[in-house]
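Reader: I have a model open on my screen and would like to understand the terms people use for it. Could you take me through them?

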2 protein chains.
Amino acid sequence: MKIAILGGTGDQGFGLALRLAKDNEIIIGSRKKEKAEAAAEKAREILKSKNILAEIKGLENKDAAKEGEIVIISIPYEHILSTIKELKDELKGKIVVSIAVPLATAIGDNPTRLLYPPDGSVAEMIQKVLKDSKVVSAFQNISAKILSDLDSEIECDILVCGDYEDAKKVVIDLINKMGARAIDCGNLEKSRIIEGITALLIAINKKYKIDRAGIKITGI
Amino acid sequence: MKIAILGGTGDQGFGLALRLAKDNEIIIGSRKKEKAEAAAEKAREILKSKNILAEIKGLENKDAAKEGEIVIISIPYEHILSTIKELKDELKGKIVVSIAVPLATAIGDNPTRLLYPPDGSVAEMIQKVLKDSKVVSAFQNISAKILSDLDSEIECDILVCGDYEDAKKVVIDLINKMGARAIDCGNLEKSRIIEGITALLIAINKKYKIDRAGIKITGI
């Protein structure tokens, strides 16, 4: 599968690139092609040091969106709307994965606090703009530290939701291949809760002086 | 410790009564004394069958609130305001534990959907009314099925938050004595997220056809 990660130079996107590169062709997208290329080069080196031969390249966001079969939106909350409005055509008919969280850092406040997007969640906002794409919400609650630490097993679950069952299934398969357990939480509206959990995990990280709090569903 | 559970005839409150009765004196509160007494009798019988000698009695909510040192509000969301407004004096200076969730069932909608209380969460609403009490938020995410099943270990964590560190510590100790792990999630505002998680767990229960989905924090 060809996966584009828009904003893939950031911690979360870059960590995902590393974890997904074992089984997929990765395109890291950025506002600047040179930044994307540098991140791709760095990712290839890290993977090479683990004896993983990976196909990763860097492109400008627009070109990355065009080429990806699945497109992950790994852009800070406050920049998402302006970016996706320009990429409607490139994203048409595709699976678009929303991983962002509306943390109050977007307005200079604390990352343990949340903003409340008018549409309820970032994922619902993206779906509203990209009417011809299939939005799946995932990967908000896994720490970038765990993603980047390729030697560590993924102990937490990845919560997934979305209104398109076929698209959700594709993303769940990707997650399972990464060696993580995906939990299907239902329709896209559930992203309101899933995105919120990230602020809670950041609060727990601070309280317990750790850097990789995650969430696991018990009783399943 | 003398713990009153207002609305303790409901599933969640009754389950808590069973689990807390091992180390504490329990007062089950209800709008009707006879209902409270019947629930207390039932709880004593269940515990006796497990060879646990427990002190549990039933009282009307007002009397229960007066007698409890810690008071758990286990009343459906839509009835909380009217109840606590009348109990301000009884609850003054006490630790009040908020366990309710603003599920959309309160307006005849689906339990996997949430209402958004004007104050952000049920716990914050209670704290706003009971200015002279110390509100701690806890126990929203543990299934009543697990609580009532005294033979089963509590595998999930209990998320706790509140603005009073001393009160939070007392509740965390209660939880640890119950044999569960308490996670301190910070200030009372975090209850917005913690309460939301319950709707997510109900959705997961439905999706996976189970009855006791819970949440555990990993990486801690």
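Reader: Let's start with two strands. What makes strand E1 of chain B and strand E2 of chain B a pair, and how do they run?

Author: Keep in mind that this is a predicted model. Two strands pair if there are at least two bridges between them. Strand E1 (residues 2-6) of chain B and strand E2 (residues 25-30) of chain B are joined by 5 bridges, so they count as a pair by that cut-off. They run parallel. If you want a place to look, find Lys2(B), which stands opposite Glu25(B) in E2(B).

Reader: What holds paired strands together in general?

Author: Strands of a sheet pair through backbone hydrogen bonds, either parallel or antiparallel.

Reader: In which order do the strands of the chain B sheet come?

Author: The order is E3-E2-E1-E4-E5-E6-E7-E8 in chain B, an open sheet of 8 strands with mixed pairing. Strand E3 (56-60) and strand E8 (181-184) of chain B each have a single partner strand, so they stand at the edges, and one side of each is left without a neighbour in the sheet. From one strand to the next, the twist averages 25°.

Reader: Which strands are the edge strands in chain A?

Author: In chain A, too, there is an open sheet of 8 strands, with the order E3-E2-E1-E4-E5-E6-E7-E8 and mixed pairing. Its edge strands are strand E3 (56-60) and strand E8 (181-184) of chain A, each pairing on one side only.

Reader: How do you know that E1 and E4 of chain A are paired?

Author: By the bridges again: strand E1 (residues 2-6) of chain A and strand E4 (residues 70-73) of chain A share 4 of them, in the parallel sense. Since the cut-off is at least two, they pair. Ile3(A) stands opposite Ile70(A) in E4(A).

Reader: Now the helices. Why are H4(B) and H6(B) called roughly parallel?

Author: Helix H4 (residues 77-85) of chain B and helix H6 (residues 122-129) of chain B pack at an angle of about 15°, with their axes 10 Å apart. Angles under 35 degrees count as roughly parallel, so H4(B) is roughly parallel to H6(B). As for handedness, H4(B) passes H6(B) in a right-handed crossing.

Reader: Which residues make that contact?

Author: On H4(B) they are Tyr77(B), Ile80(B), Leu81(B), Ile84(B) and Lys85(B), and on H6(B) they are Val122(B), Met125(B), Ile126(B) and Val129(B). Sorted by class, this contact has 8 nonpolar, no polar and 1 charged residues.

Reader: And why is H9(A) called oblique to H9(B)?

Author: The axes of H9(A) and helix H9 (residues 191-208) of chain B come within 9 Å and cross at roughly 140°. Roughly antiparallel would need an angle over 145, and roughly perpendicular runs from 65 to 115. The angle fits neither, so H9(A) is oblique to H9(B). This crossing is left-handed.

Reader: What do the two helices bring to that contact?

Author: Ile193(A), Ile194(A), Gly196(A), Ile197(A), Ala199(A) and Leu200(A) in H9(A) meet Ile193(B), Ile194(B), Gly196(B), Ile197(B), Ala199(B) and Leu200(B) in H9(B). The tally is 10 nonpolar, 2 polar and no charged residues.

Reader: Where does each H9 lie on the other chain's sheet?

Author: H9(A) lies across strand E7 (157-162) and E8 of chain B, at about 95° to E8(B). In turn, H9(B) lies across strand E7 (157-162) and E8 of chain A, at about 95° to E8(A).

Reader: How do you know that the two copies are related as by a two-fold rotation axis?

Author: Chain B can be laid on chain A with an RMSD of 0.0 Å by a turn of 180° and a shift of 0.0 Å along the axis. The two copies are therefore related as by a two-fold rotation axis. The same surface serves both copies, as 100% of the contact residues of chain B recur in chain A. Of the residues of chain B, Lys216(B) comes closest to the axis, at 2.5 Å (C-alpha).

Terms used: Residues numbered from 1 in each chain as written. Chains lettered and ligands numbered in written order. Predicted model: local features only at pLDDT ≥ 70, side-chain atom pairs only at ≥ 80, totals over all residues. Heavy atoms only, no water. Axes fitted to C-alpha atoms, helices over the stretch in contact; angles between N-to-C directions. Contact = heavy atoms within 4.5 Å. Least-squares fit on C-alpha atoms with pLDDT ≥ 70 in both. Left-handed = near helix turned anticlockwise from the far one by under 90°. Nonpolar A, V, L, I, M, F, W, Y, C, P; charged D, E, K, R; others polar.
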